[in-house]
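Open the model in your viewer and get ready to click along. Each stop tells you what to select and what you will find there.

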Amino acid sequence: MKYSIIIPVYNRPDECDELLQSLCRQTLPKREFEVVVVEDGSVRTCEKECQAYSDRLDLHYYKKENGGPGSARNYGVERAQGDYVLILDSDVVLPDGYLQEIETELASQPCDAFGGPDRAHESFTQMQRAISYSMTSFFTTGGIRGGKKKLDKFFPRSFNMGIRRDIYQQLGGFSKMRFGEDIDFSYRIIEAGHTTRLFPEAWVWHKRRTNLDQFFKQVYNSGIARINLGLRHPGTTRLVHALPALFTVGVILLLVCAVALRLWAYSSSAGGMQLFGLPSSLWWVLPLLPILLFIVLIFTDSSVRNRSLVIGFLSVEAAFVQLFGYGFGFLKAWWVRNVQKKGEFSAFEKNFYD
């Protein structure tokens, strides 16, 4: 058997059902892959859904105490039989040719580990599509997650990741990091001398979070994880990783400057001074122009890509939540880890799957 598909699940029977449906539609022969579902301490299990597919897929269903997705993936791989393990999140859906694309890529240029990008499906809610845009758009640095053009070396992500099973076992799989464990694993794969590659056509539909509160918690922890990863793997932090934090600080400074100029315009010292043809009473607008330009850019690009003005508007919200959430998490972790010299930490651990 060539592929073992590992799916950790926590309280998501409906999503697991959709993923299993898409696996039934794969063009690659069913004898080439097995499906290993690991229930990670769920209250609402997907056991019934898995039983419904037992006659259509080589499916193995396991239950374990809750330990997080990394622990569940390791549990599944320990019981896998395939030459390659494919790690998928339970909230993805596969196009019919997903496995065939992986087969084609490996036949043309073998590698040890790989991954593919993600897309939004037309059936997703408007907010899910806006969040998907924010997480994949070049303008929010989301484009570094996976695409045909990369700003950095490719590191597979656990929502759509493949690796030779023997290498997975040699490296011990995912670490006990609660957040950022997939990037930590990718770093260890590369540090051990193994090859990684992007499979641009092996993409998945990824539902992501369903509201901005959940999205903020996710990206806040991503910012924290970036500092933790940089300390675990010295030299891996790049300028691009700090851009959301710089954006956050920059926007705050511009807003403070606008307020200060507004207050100064009412002071007696302002007089009738002009700058660029603007009276002093309107100078406060100038610091807001870069922010307005960013808003227009995101709104226009997302509206065109998604063919929806509503999604364009929601994408502006999602972009600011993404950049501010990641930025604040990054800055807090930098202070705690590098200045206060404290150990690894994360936030919203009880809401990891939310």
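Start by selecting residues 212-232, which make up helix α8 in this predicted model. The helix has 21 residues and spans 30 Å from its first C-alpha to its last, close to the 30 Å expected at 1.5 Å a residue. Now colour α8 by burial: 15 of its 21 residues are buried, so the helix is largely enclosed by the rest of the structure. Before moving on, zoom in on the start of α8 and show the side chain of Asn 211. One of the side-chain oxygens of Asn 211 comes within 3.1 Å of the backbone nitrogen of Asp 213.

Next, switch to a cartoon view and look for the strands. In what order do the seven strands of the open sheet lie? Reading across, you meet β3-β2-β1-β4-β8-β6-β9, and the pairing is mixed. Select 59-64 for β3 and 196-198 for β9: these two stand at the edges with a single partner strand each, so one side of each has no neighbour in the sheet. Turn the sheet to look along it, and you can follow a twist that averages 20° from one strand to the next.

Now pick out β1 and β2. They pair in the parallel sense over seven bridges. Two places to click: Ile 6 stands opposite Val 36 in β2, and Ile 7 has Val 37 as its bridge partner.

Stay with β1 for a moment. Seven of its seven residues are buried, so β1 is largely enclosed by the rest of the structure. In a regular strand, side chains alternate between the two faces of the sheet. You can check both faces here: Tyr 3, Ile 5, Ile 7 and Val 9 lie on one side, with Ser 4, Ile 6 and Pro 8 on the other, and all are buried.

Are the residues of β2 mostly buried or exposed? Eight of the eight are buried. One face of β2 carries Phe 33, Val 35, Val 37 and Glu 39, while the other carries Glu 34, Val 36, Val 38 and Asp 40.

For a contrast in direction, select residues 84-88 (β4) and 160-164 (β8), which run antiparallel and are joined by five bridges. Click on Leu 88 and you will find its bridge partner in β8, Asn 160.

Time to look inside. In soluble globular proteins, nonpolar side chains tend to be buried together. The largest nonpolar core in this model has 33 residues, and Leu 20, Leu 23, Val 35, Leu 57 and Ile 102 have the most contacts inside it. At least two core residues come from each of β1, α1 (13-24), β2, β4 and α4 (98-108). The biggest share, five residues, comes from α1. Select Leu 20 and show what surrounds it: leaving aside neighbours within four places in sequence, Leu 20 is in contact with Val 35, Glu 49, Cys 50, Tyr 53, Leu 57 and Leu 59. A second, separate core has 20 residues, including Met 127, Ile 224, Ala 245 and Val 321.

For the last stop, select Asp 301 in helix α10, residues 289-306. Asp 301 has a relative accessible area of 17%, so it counts as buried, the cut-off being under 20%. Not counting residues up to four places away in sequence, Asp 301 touches Tyr 133, Ser 137 and Phe 139.

Notes. Residues numbered from 1 in each chain as written. Predicted model: local features only at pLDDT ≥ 70, side-chain atom pairs only at ≥ 80, totals over all residues. Heavy atoms only, no water. Pairing = 2+ DSSP bridges. Helix = DSSP H or I, 4+ residues; strand = E, 2+ residues; numbered from the N terminus. Axes fitted to C-alpha atoms, helices over the stretch in contact; angles between N-to-C directions. Core = buried A, V, L, I, M, F, W, Y, C linked by side-chain atoms within 4.5 Å. Buried < 20%, exposed > 50% of the residue type's maximum accessible area, 1.4 Å probe, protein only. Contact = heavy atoms within 4.5 Å. Expected span 1.5 Å × (residues − 1). Polar contact = N/O pair within 3.5 Å; in protein donor to acceptor, adjacent residues only side chain to side chain.
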